[in-house]
Amino acid sequence: MTVGHLSIDGRTDDPLGVDDPSPRLGWQVNRAQADWTQKAYQIRAAGSATDLARGRYLWDSGKVHSDAQTDIPWRGKALRSRQNIVWQVRLWDARGNETPWSSPASWEMGLLKRTDWDAAQWIEHPGRQLGDPLPIFARAFSVDTRHGSKVVKARLYIAGVGLHEATLNSQAVTDEVLAPGSSNYQLSVEYRTYDVTRLIRSGANTLGVELGHGQALVTRSVTNPAAGRTAPYSWWQSQFKGNGTLAAPAAPGDTTVKVSSVSGYHVGGTINVDTGDGGDRLELRTITAIGTAGADGTGITFTPALIGQHAVDVTVTGSGNSLASTDPSAGAAVTPRLIARLELTKADGSVQAIVSDHSWKTSLGPTTTNNWYSGSDYDARREQPGWNDPGADLRATAKRRDGTAAGWAHAGIAPPPNLTTELVWRVGEPVKVADRIHPVSITQPAPGIWVFDFGQNFAGWPELAVDGTVPAGTTITMKPAESLAADGTVNQASIMGGGNSRGTNVFATYTTYGDRHGETWHPRFHYFGMQWVQVTGLPEGYTPTAKTITGLQLHAATPVAGNIKTSNDRINRIHRMAQYSITSNMMSTFTDCPGREKLAYPADYLQPFGSLHRNFGYHAYLRTMERHLAEGQSKTGDNIGNVALKAPVYDWGYTGRFGDEINWGNGIVLVPWFLYEVYGDTQTMARYYPQMQAFMNYIRTQKAGTGADAYIVDAALADWIAADNTSGRITGTWGYHQIADRMSKMAALLGHHAESLEYRSLAANIKTAFNDAFYNNALGRYTSQGNQDTTGATQAAQALALDEGLVPESERQRVLDALVELVYAFQPFGGGPHFSGGTIGLAPIVRALMDGGRDEVLWDALQEDTRPSYGFFMAPTTANPQGLTTLPEQWDMGNSKNHMILLQIEEWFHSGLAGIRQARGTAGYRSLVIDPRIVGDLTHVEGSYQTPQGEVASEWTLMKGTFRLKVDVPPNTTAEVRVPRGGRAPLEVPKGATFRRIEGERAVYRVPSGTYVFIARDMHAAQ
C-alpha cells in the first residue's frame, strides 16, 4: 500500500507560481486492503528534497487524528515568494498500521507582491497602430558560468496581454498554448511561471516573445483585403477607452489635467499621462473626478499629484472601468503589451535578473492580422530566421525572408491595463494540444476547392503542411465549419451569429515563403470550432493529401475523471458527443461554444455540472472560474452585488433581458457549493463568502418582488432554449430557493450560524411561496399561476420542484406521475416521448425521473428520432451527412452545433446506468451509492469515477437471466450497493457486504472499501 496523488489546490502536477498563501493539500491511497480507513495523517514539508531528507522542516504536522484526505490547510511557516516546498505524507489506519512516507511532491510559490516584480515594466511596440502586424519582442543577454557560477535554477515570470508565446534560444518554454488566458484585464492578468533551466546556455542567449490580441482586443475594423479578409466576424467588439491629448500644460504637483476629451474615462480607473515617445515621461494616476473637456474645461482629477512636467498636446489615455456597475469592464480594449522577469539563480547563490524594460527590442512580426473570432493571416515572407536564437541580429537593418528590414527598435514603456490590475496565478490547468486528428476524407466540390472532413467536431487549430513545390507568395486559406452546404463546400452559419453586421469572415491564411523542403504552419493566437476545413489557394495542379491538413485539438489539461461504456451503440455515441462538446468548451475558461460567441456563461457549465464533473476533474479549474465570477460582480451603484450574465464580461450582461439573471449570476454561489459537494473544498466558499452574500443581498433587495410576491423572482431567460418554455417566475423562484438553501449550508460549514439560520428561514419562506404561487392542487402539477390557471404545466416546472425538494411529501408521487405523462405527451413534431427542458430544466428532468425510479422513461426518450431528441441530432442531413458529432445549442439544431447545455442526459449514464453517485446530503464522495439501472436492451454497462479518495467503478452484465455486478470502492469510503433481486433464487453476496434492507425490487447492502461481486439469477426483464 502506498500514498500518492498528492495535490495542492486541486493540482497534482507540481505547479509553479502558486500565489495562495494557505493552500489546501490532499492525497489518495493506492492498493489498500479491503475495509481500509484512515484514522490519522502526518505531513512534513521542507524547502528542498535534501532538507526534507535531513529533517529541516518548514512544517511537521505531527500525528493528526483525522480521516480527511482533502481540504487540509497549510499550517507551516508563512510562505514566501519564489519558495519551493517539497512535501510528503504518511497515514495510519483503523488498526494502527502505518503507511510508508509517500514519494515527495512539490510546488513553488510565485511572486506574491507587486514589488517582487521589482524593475520589470510593462512594455509595448511604440507607435504600433491597430492594423499593424502583431509585435514580437527579443532580449539578448549573456550568462557567465565561469568560476563556479553555473545556473542551477532559471524561472521566467511573464504575462502577455492578450496572449503570449515565449521562447528561449528559439525553444518553446512550455507546451502550454493560448497563454495566459482570458481575464478581466482591468482587475487581473494571469501570469505564468516557467522553469527554463534546461534552456539557458553559457554565453549568448535570447529571450523571445510574440504577442496576440486574444480577447483583450477584438475589433472588426482591421481588414486585410490581400488575404480576402474584408468583413472580419466577431460576436462583440472591444470598447476603446479615453484617448486624447493634454489641452494645457501640466506641472509637478498638479492633481487635475485639462484634456481634449473626457469621453471613455472612469472614476476609480486610470489616466495615463504622456504615453508617447516610448513612455519615458509616463505617469499613471487614479481618477477621482471627471469634468469637462478643453483648455477651459474642468478636466480630469486624480491622485496622487504629478511629479513631472508635461507639455500641451502630449498623448493621454484611460483604462477601463474597474468598478463595473453596469459597464462590461472586461471588454475595455487593451493593446498588446507584456511584463516579464527572468531570474537566473547560480550555484554561488547570486541571482541574475533580466526584466522587461527599454532595453528589449521589438519589431512587427509575420502575423499580419489577428482576431479572436475571425482568425489570423500569417505571411511567412516577413519572418526573420533566427530572430530568437542566441546572438540574434536585432538591428533595425536585420533582414526578413523577403529582404525588407525588420526594423528592430527599443521597446516602449506601457501602462498596465489599469492600476487596479493584479498579476495572478492561474489555479486551473493550462490549455494544451490534446490530440492530432487526421481527416477521414478529402473531397473536391469545385476546381481549386478542397474540403477535409475530420469525422469529428472539435475545437482547435488546422495545421497546414505543403511540400516544396508551392512557390513563395502563395496565400492558402483555411476555412473551418461545423456543416456542409448542399454543393459540398463548407457552411459556416453555425460558427457565426448576429447577422452580417457582425462580419462574415472566419478563416486563417498562410502565405508561403517558398521553402524547397516544404512548410508547416498553424495559427497560435486564436482557435476554431470545426469538423471540416475548406482549403483554397493551392497552386493549380497541386493535389493535397491527408497530411496537408491535420486537426490539433486544444483544451484545458484537466484530469480525466471518469468514463462510461455500454452495450448500446446509441448511448455510447451520445456519450462521445458529450465528451467532445465538453472538451471543445473547456479552454482557459468554460465557453458556450468554440465559434460564434466563445463566452463563459455560468449556466452553460453549472446546470450540466452533474454531467461535466463525471468526465473531467475541476477541483482546480473551478477555482479560476470563481475568480472570474467575482471579478464580474458589480462593485458600485444600484447594481452592486449583481453578477454579469457571463464572466469575464466583455460585451454586455448586467442589465436588460440578457443580464441581471438569477440563474446565471448565481454561479458565484454555486461554484463554491459544487467545489464543496464534489471535492470537499471549503476554502473557496470562505474566500468568496462576502461576494456570495453581496449577490444574495442584490437578489433579495432588487429582484424579489413585493407584497404577495415578496419571495418570487421573475427570471427573464426562463428555461433558455427549451422546446416548451417554463414561466420565468418558476425558474427564478426555484433559483432563489437554490441559492438560499446552499448559502445556509455553507454559512453553517463556515461557522456563521446566525446567518445560516437566516438563510434557512429565507429558503423556507421561498418554498412556501413557490407552492402557494405555482402548485395547482386539483391538477397535481405546477403551472404558471398555480390554482389560478392550468397553463404552463411543463416538464421543467414539475422537475424543478421535485429535484429541489420543493414538493410537499404528500404530493411527490402526483407530481412525478405528471412529469412522466408530460414527457410521453410532448409530441410537437410527432413521435415521442420527448424531453422539452432547456438550460435550466433539462438536468432536473433527468434527475427527477432517475430519482423517481422511472428509468424506462429516460430510455424511451433516448430511442426517439423525431424532434426534439438526441436521435434527431444523430440523423444524417445534408449539412451533417453522418449526423452531428457533438451536441448542439438548441433542440432544432439552430445556432452552434457544439454546446454543453443539452448534454445533461450524460448524468443518467453515470449515476443511473452505471449507478455511481454519492449519497444524498454528503460531500466529497466519501459515502457512495451504487445503484445500477437495468433498462431497455442493455446487457452490459461499465463506468468509473475518480473521487477525491480514488477510483470507484461499477460493471454489470445481464446474460441468460444472470445479473452480475462488480463494484470497486476506493479506500476510506463506504458504499451502499442496491442489487436487483431477480426471481426466487437467492442473491450471491460477497464476503464483507452487510445486508441493510429491502427497497422495492432491490436488496440494499453496505460495503466498505474493496472489490465485491454480487450475482442475481432469474432476471428476465428490465427493472
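How do the residues of the lining of the second largest pocket divide into nonpolar, polar and charged? The model is a predicted one, in which local features need pLDDT of at least 70 and side-chain atom pairs count only at pLDDT 80 or more, while totals for chains, interfaces and linings use all residues. Residues are numbered from 1 along each chain as its sequence is written, and side-chain values use heavy atoms, with hydrogens and water left out.

The split is 21 nonpolar, 11 polar and 12 charged, where Ala, Val, Leu, Ile, Met, Phe, Trp, Tyr, Cys and Pro count as nonpolar, Asp, Glu, Lys and Arg as charged, and the others, Gly among them, as polar. The volume of this second largest pocket comes to about 1100 Å³, taken as the space filled by probe spheres set on grid points joined across faces, edges and corners. A pocket here is an open set of points on a 1 Å grid over the protein atoms alone, where a 1.4 Å probe fits, with protein on both sides within 12 Å along at least five of seven lines; lining residues have an atom within 4 Å of a point. Of the 44 lining residues, Arg114, Thr421, Glu422, Leu423 and Val424 sit closest to the centre. Helix H5 gives the largest share, five residues; helices and strands are DSSP runs (H or I, at least four residues; E, at least two), numbered from the N terminus.

Elsewhere, six strands make an open antiparallel sheet, ordered S17-S22-S19-S20-S21-S18. S17 (243-245) and S18 (256-257) are at the edges with a single partner strand each, so one side of each lacks a neighbour in the sheet. Pairing takes at least two DSSP bridges between two strands.
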